[in-house]
Amino acid sequence: MDIQDHITARVREAVKKIFDADLETVELQPTRKDFEGDITVVVFPMLRLLKGNPQAIGEQIGSYLETHVAEIDRFNVVKGFLNLVICDDYYLDFFGSIRKQEQYGYVTPDPEGKAVLVEYSSPNTNKPLHLGHIRNNLLGYSVAEILKAAGKKVYKTQIINDRGIHICKSMLAWQKFGNGETPESTGLKGDKLVGNYYVIFDKEYKKEIEELVAGGMNREEAARQAPLLLQAQEMLRKWEAGDEEVVSLWKTMNQWVYDGFDITYKNLGVDFDSYYYESDTYLLGKDVVEDGLQRGIFYRKEDGSVWIDLTDEGLDEKIVLRADGTAVYMTQDIGTAIQRVKDHPDIGGMVYTVGNEQDYHFKVLFLILQKLGYEWAESLYHLSYGMVDLPSGKMKSREGTVVDADDLIVEMTRTAAEISEELGKLDGYSEEEKEELYRIIGLGALKYYILKVDPKKRILFNPEESVDFAGNTGPFIQYTYARIQSILRKADETAHHSDIKNIVLHEKEKELLKQLEAFPAVISSAAEGYSPAVIANYTYDLVKEFNSFYQNVSILGAEEETSRAFRVQLAGKVGEVIASGLRLLGINVPERM
């Protein structure tokens with residue numbers, strides 16, 4: 001039982017003994033910095049049950065706790081707020097219990113427990129990954145790691161959108177304008193090469209529209225009748241019919257893209273346990289829809305299309321099969337979800353990391369799966385997130401105005417190099433060590449800047465701001481970690497291993513211990529809310545607290561050997577928790593900076 005649960009139980013006990021009343025809840029909060037105390041009991045909510053002056057009620061409860069609860073040293077009451085001072089021994093015992101825990105705060109998964117499948121990335125194979133994909137990947141990967149740390153078995157996956165008209169546009173443009181070039185012949189990553197042809201298609205398509213308009217056709221009709229679009233549509237029909245030449249080109253160009261994606265994922269530091277492909281899954285849901293028709297869950301319209309009526313649930317009617325019998329996105333997603341549970345029978349829920357423009361789609365999908373009778377459908381979650389904007393505005397893939405993921409990673413590394421060189425703290429580093437450090441700092445800056453923001457909020461991404469070595473940034477946190485490692489290297493062996501007994505805590509030491517104590521609850525809260533921002537901001541608060549401790553308390557210069565040993569060990573544990581917190585965000589830490 002942690003200290004808050006313990007105090008809650010004893011406050012209820014006090015109210016029962018003193019007032020013969022049963023409190024349902026006890027409101028606790030950290031004591032404000034300008035008052036003495038560690039934990040505050042808020043008396044005002046008790047006035048619904050207890051009659052009297054809140055100051056007097058607080059005094060009576062405080063006196064009972066001081067007498068009967070060993071962990072409480074003293075108390076004070078300020079305007080109905082009962083401030084409790086927790087004794088040093090409690091915090092020293094706590095520190096002793098976690099000092100040698102290698103993964104303090106993490107919960108060991110229950111091998112018999114239900115697993116969670118986390119889907120993220122899910123790109124199209126007609127273009128390289130861009131800044132929006134980076135937010136998606138970082139969010140999904142981090143949430144998967146946080147769920148694991150909270151004791152869940154986790155499967156990481158993605159659905160690759162490898163079919164459709166947009167894929168055929170790149171294929172057709174390569175056929176017409178590519179002159180047989182390949183990633184090998186051009187030296188380009190395959191996803192970039194294919195993405196270039198998606199942009200070329202758009203430019204040539206717009207030229208054709210203008211020519212048709214100049215010839216007297218209205219713009220809307222010209223957009224439908226442009227020869228390139230008609231050829232792309234014909235290519236899609238051939239693909240769906242299994243035309244050997246088209247399917248062969250599709251396989252070749254998709255493989256170029258997959259090879260390119262793999263490099264980006266490796267550079268970004270994310271991974272997957274399994275892959276699903278839309279070309280495999282777009283027909284999976286058709287059998288399910290047929291079964292749902294028989295059971296009256298779906299209905300067929302006169303034109304032959306199949307729908308579901310969700311108006312009673314506040315939604316609308318949704319098509320699940322076209323009149324010609326072909327699948328829509330919803331059909332594919334129904335089939336994919338069911339297939340995933342067949343592949344992993346221990347799945348108890350799924351997390352879909354997809355932008356907020358798809359909020360309605362997932363409400364409908366989850367409701368359909370529930371109506372089909374799947375118990376696990378009650379545990380589906382849409383990790384909805386806002387767009388990433390740049391100071392220059394929105395990104396557009398068709399026009400080639402996106403921020404390429406690979407280019408951004410390189411740019412972040414370059415920015416980190418420039419700032420590090422300006423600070424001039426890299427004496428004695430080899431060129432290889434410098435490059436690795438720049439990469440760690442640059443990626444840490446990128447990841448932290450994106451993950452510290454609540455997923456639902458839109459982000460305006462500023463690369464220079466993210467690599468600041470001061471403030472709420474990745475490099476600032478990494479620098480503090482490196483500073484701690486420097487202290488640990490300078491400390492003698494005795495300080496690292498001495499047992500800590502009978503010391504009086506400095507207020508800065510106590511504040512650090514309180515921060516450390518909160519870490520398991522922070523992981524649990526981040527997992528429940530699917531929010532890496534909770535971890536990011538906790539880690540920043542811990543770093544701020546450590547820097548305040550560092551500035552106010554001498555560590556290696558402490559006069560007493562016991563105090564010096566305790567402070568070295570406390571700094572070491574803070575470093576471990578900083579590294580653990582950043583690891584959950586996919587961020588590495590440098591041993592020196």
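Start by selecting strands β2 (residues 39–42) and β4 (residues 81–86), which pair in the antiparallel sense over 4 bridges. Strands here are DSSP runs of E with at least two residues, helices are runs of H or I with at least four, and both are numbered from the N terminus. Two strands count as paired if DSSP finds at least two bridges between them. Before you go on, note that this is a predicted model, where local features need pLDDT of at least 70 and side-chain atom pairs count only at pLDDT 80 or more, while totals for chains, interfaces and linings use all residues. Residues are numbered from 1 along each chain as its sequence is written, and side-chain values use heavy atoms, with hydrogens and water left out.

Now click on Thr 40. Its bridge partner in β4 is Asn 83. Add strand β1 (residues 28–30), which pairs with β2 in the antiparallel sense over 3 bridges; there, Gln 29 stands opposite Thr 40.

Keep β2 selected and show its side chains. Are its faces covered or not covered? Both are covered: Ile 39 and Val 41 on one side, Thr 40 and Val 42 on the other, are all buried. (Buried means under 20% relative accessible area, exposed over 50%, partly exposed in between, with a 1.4 Å probe and protein chains only.)

Next, some charged pairs. Side chains of opposite charge can pair when their charged atoms come close. The cut-off for a salt bridge is a side-chain nitrogen of Lys or Arg within 4 Å of a carboxyl oxygen of Asp or Glu. A search of the whole structure finds 38 of them. Here are a few to pick out:

- Arg 32 and Asp 34: their side chains meet at 2.9 Å, N to O. Asp 34 is exposed, because its relative accessibility is 51%.
- Arg 219 and Glu 210: this salt bridge spans 2.8 Å, N to O. Arg 219 is partly exposed at 47%, and Glu 210 is partly exposed at 42%.
- Lys 434 and Glu 431: the N to O distance is 3.7 Å. Both sit in helix α16 (residues 431–451), and because they are 3 residues apart, about one helical turn separates them. Lys 434 counts as buried at 14% relative accessibility, whereas Glu 431 is exposed at 55%.

For something bigger than a pair, select Lys 33, Asp 38, Lys 510, Glu 511, Lys 514 and Glu 545, which are linked in a network of salt bridges.

Stay with α16 and move into the loop between it and β14 (459–460), where you'll find Asp 454. This residue is partly exposed, with a relative accessible area of 33%. Fancy a distance check? Draw a line from Asp 454 to Leu 229: they are 225 residues apart in sequence and 40 Å apart in space, C-alpha to C-alpha.

Now go to the loop between β9 (306–309) and β10 (317–321), home of Asp 316. It is partly exposed, with a relative accessible area of 35%.

Finally, zoom out. How many helices and strands does the protein chain have? The count comes to 23 helices and 14 strands. The C-alpha atoms fill a box of roughly 90 × 65 × 45 Å, taken along the principal axes. Colour by accessibility and you'll see buried residues making up 55% of the 593 residues in the chain.
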